[in-house]
Amino acid sequence: MDHDDEPRSTGRTKGVDSARRALQILLQFSEGKPELTLDHVVENHGLSVPSAYRYISLLRELDLVEERSKGVFVLSPQVIRLARAAEQTLDYGADAQPFLDRLSRETDETALYLRRVNESAVCLAIAESDQPISISFSIGHLMPLHGGAAAKVLLADYARRDQYLARTELAPAARRRLEEELDEVRRTGYAESSSEVDRGVWAAAAAVRVRGTLVGAVTVAAPAFRLTEQHQGDIAESVRQAAADLEVALERSRVG
């Protein structure tokens with residue numbers, strides 16, 4: 001699955017530029033980039049060597065990174081503790097997995113569970129099909145709320161939807177169309193998209209609610225070229241059913 005590794009901002013907090021820069025450097029680490037060099041930090045953040053080393057030194061002081069060799073830095077084991085803490089807060093990802101597995105088998109396509117984190121959509125669980133597909137959503141990766149079926153399900157219920165849309169670069173006409181679509185998505189709890197996030201990919205998504213509160217979205221993504229209208233309808237029904245079944249399971253777990 002393809003995605004860039006740039007962190008996405010939800011708005012700038014004033015008076016914390018130094019802290020922001022240190023965290024931006026920390027967020028450059030990823031599975032595909034487990035090491036950072038001092039030169040990389042200098043080039044990517046427009047810093048002088050002394051400034052770059054000062055930020056790295058702060059991260060080392062907090063035991064977040066360590067120097068593996070001269071000028072080469074890696075995350076420290078301390079980060080594992082943070083990752084485990086984060087796993088404990090990833091609402092319903094584990095609960096959703098068996099429903100995604102079933103959904104993927106039924107549709108023979110890739111199924112995902114997403115929720116909103118601040119002003120981004122994040123994938124918490126995924127069941128990949130045997131048929132190859134390249135999509136931008138992967139576990140833990142933040143994506144915009146206004147593109148893709150599942151993201152639109154999450155945005156439709158977002159209390160600060162208007163403020164979010166005002167900060168996008170959508171043209172006025174496109175924004176009006178999206179607002180109308182979001183009103184319908186909020187009413188039905190269902191959305192579709194075609195090539196909105198990844199070219200040639202069609203998706204269907206349904207809302208998951210616990211006691212009336214939106215907690216996430218179940219979605220299936222598939223290459224549009226291999227889908228007939230009937231196939232899309234079948235997937236849509238399976239997605240709605242999986243979301244409804246997950247809701248029941250979550251309600252029962254809360255009661256238990």
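Colleague: Why is Asp63 called partly exposed?

Modeller: Its relative accessible area is 41%. Buried means under 20%, exposed over 50%, and partly exposed is what lies in between (1.4 Å probe, protein chains only). At 41%, Asp63 falls in the middle class, so partly exposed is the label. One caution before we go on: this is a predicted model, where local features need pLDDT of at least 70 and side-chain atom pairs count only at pLDDT 80 or more, while totals for chains, interfaces and linings use all residues. Residues are numbered from 1 along each chain as its sequence is written, and side-chain values use heavy atoms, with hydrogens and water left out.

Colleague: Where does Asp63 lie, and what is it in contact with?

Modeller: You'll find Asp63 in the loop between helix H3 (49–61) and strand S2 (65–69). Helices (H or I, at least four residues) and strands (E, at least two) are DSSP runs, numbered from the N terminus. Setting aside neighbours within four places in sequence, Asp63 is in contact with Ser76 and Gln78; contact means heavy atoms within 4.5 Å. The C-alpha atoms of Asp63 and Leu75 are 8.6 Å apart, with their positions 12 residues apart along the chain.

Colleague: What makes Arg252 count as exposed?

Modeller: Arg252 has 63% relative accessibility, so it passes the cut-off for exposed. This residue belongs to helix H9 (residues 229–255). Its C-alpha atom is 51 Å from that of Leu38, which is 214 residues away along the chain.

Colleague: And Lys152, is that buried or exposed, and how do you know?

Modeller: Buried: the relative accessible area of Lys152 is 0%, so it meets the cut-off. Lys152 is part of helix H6 (residues 149–156). Beyond four places in sequence, Lys152 touches several residues, among them Leu145, His146, Leu178, Val185 and Glu192.

Colleague: What makes the Lys152 and Glu181 pair a polar contact?

Modeller: Their side chains come to 2.5 Å. A polar contact is a pair of N or O atoms within 3.5 Å; within protein, one must be able to donate a hydrogen and the other to accept it, and residues adjacent in sequence count only if both atoms are side-chain atoms. The 2.5 Å between Lys152 and Glu181 is inside that limit, so the label applies.

Colleague: Why is strand S4 described as largely enclosed?

Modeller: Strand S4 (residues 110–117) has 8 residues and 6 of them are buried, so the rest of the structure largely encloses it.

Colleague: How do you know that S4 pairs with S5 and with S9?

Modeller: Two strands pair if DSSP finds at least two bridges between them. S4 has 7 bridges to strand S5 (residues 120–127) and 5 to strand S9 (residues 213–223), so both qualify. Each of these pairs runs antiparallel. For instance, Tyr113 has Ala125 of S5 as its bridge partner, and Thr110 has Ala221 of S9. The hairpin of S4 and S5 has 2 residues between the strands, and there Asn118 takes a positive phi near 55°.

Colleague: What makes S6 and S7 edge strands?

Modeller: The open sheet has 6 strands in the order S6-S5-S4-S9-S8-S7, with antiparallel pairing. Strand S6 (142–143) and strand S7 (190–194) each pair on one side only. S7 is joined to strand S8 (residues 201–210) by 5 bridges, and Glu192 has Ala204 in S8 as its bridge partner.

Colleague: Why is Arg240 said to sit over the ring of Tyr190?

Modeller: The charged end of Arg240 is 3.8 Å from the ring centre. The rule asks for NZ of Lys or CZ of Arg within 6 Å of the ring centre and within 35 degrees of the ring normal. Arg240 is listed over that ring, and 3.8 Å fits the distance limit. Arg54 also lies over a ring face, that of Tyr55, at 5.9 Å from the centre.

Colleague: Which residues of helix H2 are buried, and what do they pack against?

Modeller: In H2 (residues 38–45), the buried ones are Leu38, His40, Val41, Val42 and His45. The buried residues of H2 pack against helix H1 (17–26), strand S1 (35–37), H3 and strand S3 (72–75). Just after H2, Gly46 has a positive phi of about 60°.

Colleague: And how many helices and strands does the protein have?

Modeller: There are 9 helices and 9 strands, and 42% of the 256 residues are buried.
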